[in-house]
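The following exercises concern helix packing, burial and backbone geometry. Each task is followed by a worked solution.

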Amino acid sequence: MAVEHFSSDGVDIAFLDGGEGDPILLIHGFASNHVVNWGATGWIDTLKRDGRRVIAMDVRGHGKSAKLRDPDRYLLTLLADDAARLLDHLGLQRADVMGYSMGARITVAMALDHQDRMRAMILGGMGYAMVEGMKGEDAIVAALEAPSLEDVTGEPGRAYRKFAEQTGSDPLALAACMRRARQTFTPEELATIHIPTLIAIGDKDSVAGSGEKLAALIPGAEFMVIPNRDHMLATGDRSYKAAVLDFLQRRP
């Protein structure tokens with residue numbers, strides 16, 4: 001699967017598109033990319049073997065997509081528009097959508113603005129923090145804006161800066177992204193979502209917030225616990241994959 005590109009209102013967005021069958025759009029987490037989040041974890045191969053067309057995008061500011069340094073270019077509504085425009089570019093009216101962590105926030109924003117384009121959604125690694133916010137994000141922004149890794153002390157800032165450098169990311173673009181993409185949603189907004197929803201969070205995840213509390217706000221949402229996994233290790237977990245495949249197979 002070769003990386004392709006398209007223009008989303010003038011912003012270059014990179015993506016993969018492969019396999020045949022019902023389409024599913026994958027949206028990765030903060031500071032990651034489609035290779036790390038979905039390729040290296042086996043998700044792309046798993047979904048293709050299940051008879052699905054897999055589309056995995058690099059969120060703006062990440063991977064091979066455009067690296068913008070203006071925080072206002074990272075509003076969640078704009079990131080959701082990128083996802084919807086990718087479906088337009090591929091001639092797809094509807095798709096299942098799965099997002100992890102920040103990608104789950106983008107998926108919810110897409111459900112609020114483009115619900116008719118979504119058959120179902122899977123929210124991984126993000127629970128009630130979707131509503132009440134996450135702690136430590138200011139420290140992560142400061143770490144990404146620091147002159148170098150050596151200038152960063154304390155976690156999780158140092159871990160994010162190191163990860164950003166390991167993945168060849170632009171730290172300043174990531175900092176700009178975090179300043180806006182950490183937007184939260186109100187219970188009233190979440191109550192307007194009426195598509196099948198699965199929420200999956202590791203039982204050792206200390207940043208996602210309660211999956212049960214989030215599920216209670218989205219009509220008909222299901223919640224599964226990913227056993228013995230924290231926020232990072234849950235991404236490629238076998239039980240998570242099995243639950244997602246079962247959820248998708250039960251959709252009409």
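**Exercise 1. The surroundings of H8**

What covers the buried residues of H8?

Solution. The model is a predicted one, in which local features need pLDDT of at least 70 and side-chain atom pairs count only at pLDDT 80 or more, while totals for chains, interfaces and linings use all residues. Residues are numbered from 1 along each chain as its sequence is written, and side-chain values use heavy atoms, with hydrogens and water left out.

Step 1. Helices (H or I, at least four residues) and strands (E, at least two) are DSSP runs, numbered from the N terminus. Helix H8 comprises residues 171-181.

Step 2. A residue is buried under 20% relative accessible area, exposed over 50% and partly exposed in between, for a 1.4 Å probe and protein chains only. The buried residues of H8 are Pro171, Ala173, Leu174, Ala175, Ala176, Cys177, Met178 and Ala181.

Step 3. Contact means heavy atoms within 4.5 Å. The cover over the buried residues of H8 includes H3, H4, H6 and H7.

Step 4. Because 8 of its 11 residues are buried, H8 is largely enclosed by the rest of the structure.

**Exercise 2. H6 against its two partners**

Determine how H6 is oriented towards H8 and towards H7, and describe the residues that form each contact.

Solution. Step 1. Axes are lines fitted to C-alpha atoms, for helices over the stretch in contact, and angles run from 0 to 180 degrees between N-to-C directions. Angles under 35 degrees count as roughly parallel, over 145 as roughly antiparallel, 65 to 115 as roughly perpendicular and the rest as oblique.

Step 2. The axes of H6 and H8 are 8 Å apart, and the two helices pack at an angle of about 160 degrees. H6 is therefore roughly antiparallel to H8.

Step 3. A crossing is left-handed if the near helix is turned anticlockwise from the far one by less than a right angle, and right-handed if clockwise. H6 passes H8 in a left-handed crossing.

Step 4. On the H6 side, the contact is formed by Glu137, Ile140, Val141, Leu144 and Glu145, and on the H8 side by Pro171, Leu172, Leu174, Ala175, Met178 and Arg179. For the classes, Ala, Val, Leu, Ile, Met, Phe, Trp, Tyr, Cys and Pro count as nonpolar, Asp, Glu, Lys and Arg as charged, and the others, Gly among them, as polar. The contact of H6 with H8 has 8 nonpolar, no polar and 3 charged residues.

Step 5. For the second pair, the axes of H6 (residues 137-145) and H7 (residues 157-166) come within 8 Å and cross at roughly 45 degrees. H6 and H7 are therefore oblique to each other, and H6 passes H7 in a right-handed crossing.

Step 6. H6 contributes Ala139, Ile140, Ala143, Leu144 and Glu145 to this contact, and H7 contributes Gly157, Arg158, Tyr160, Arg161 and Ala164. By class, the contact of H6 with H7 divides into 6 nonpolar, 1 polar and 3 charged residues.

**Exercise 3. Backbone exceptions**

Which peptide bond is cis, with omega near 5 degrees? Also describe the settings of Asp9 and Ser101.

Solution. Step 1. Most residues other than glycine have a negative phi, and most peptide bonds are trans.

Step 2. The cis bond runs from Glu155 to Pro156, and Pro156 is found in the loop between H6 and H7.

Step 3. Asp9 is not a glycine, yet has a positive phi of about 55 degrees. Asp9 lies in the loop between strands E1 (4-8) and E2 (11-18) and, at 64% relative accessibility, counts as exposed.

Step 4. Ser101, likewise not a glycine, has a positive phi of about 60 degrees. Ser101 occupies the loop between strand E5 (95-100) and helix H4 (102-113), and is buried at a relative accessible area of 11%.

**Exercise 4. Met121 and Phe247**

Is Phe247 buried or exposed, and which residues does Phe247 touch?

Solution. Step 1. Phe247 is found in helix H11 (residues 238-249) and counts as buried at 1% relative accessibility.

Step 2. Not counting residues up to four places away in sequence, Phe247 touches Ala120, Met121, Ile122, Pro196, Thr197, Leu198 and Glu222.

Step 3. A nonpolar core is a set of buried Ala, Val, Leu, Ile, Met, Phe, Trp, Tyr and Cys residues joined through side-chain atoms within 4.5 Å. In the largest nonpolar core, of 62 residues, Phe30, Met121 and Leu123 touch the most other members. A second, separate core of 23 residues includes Phe247.
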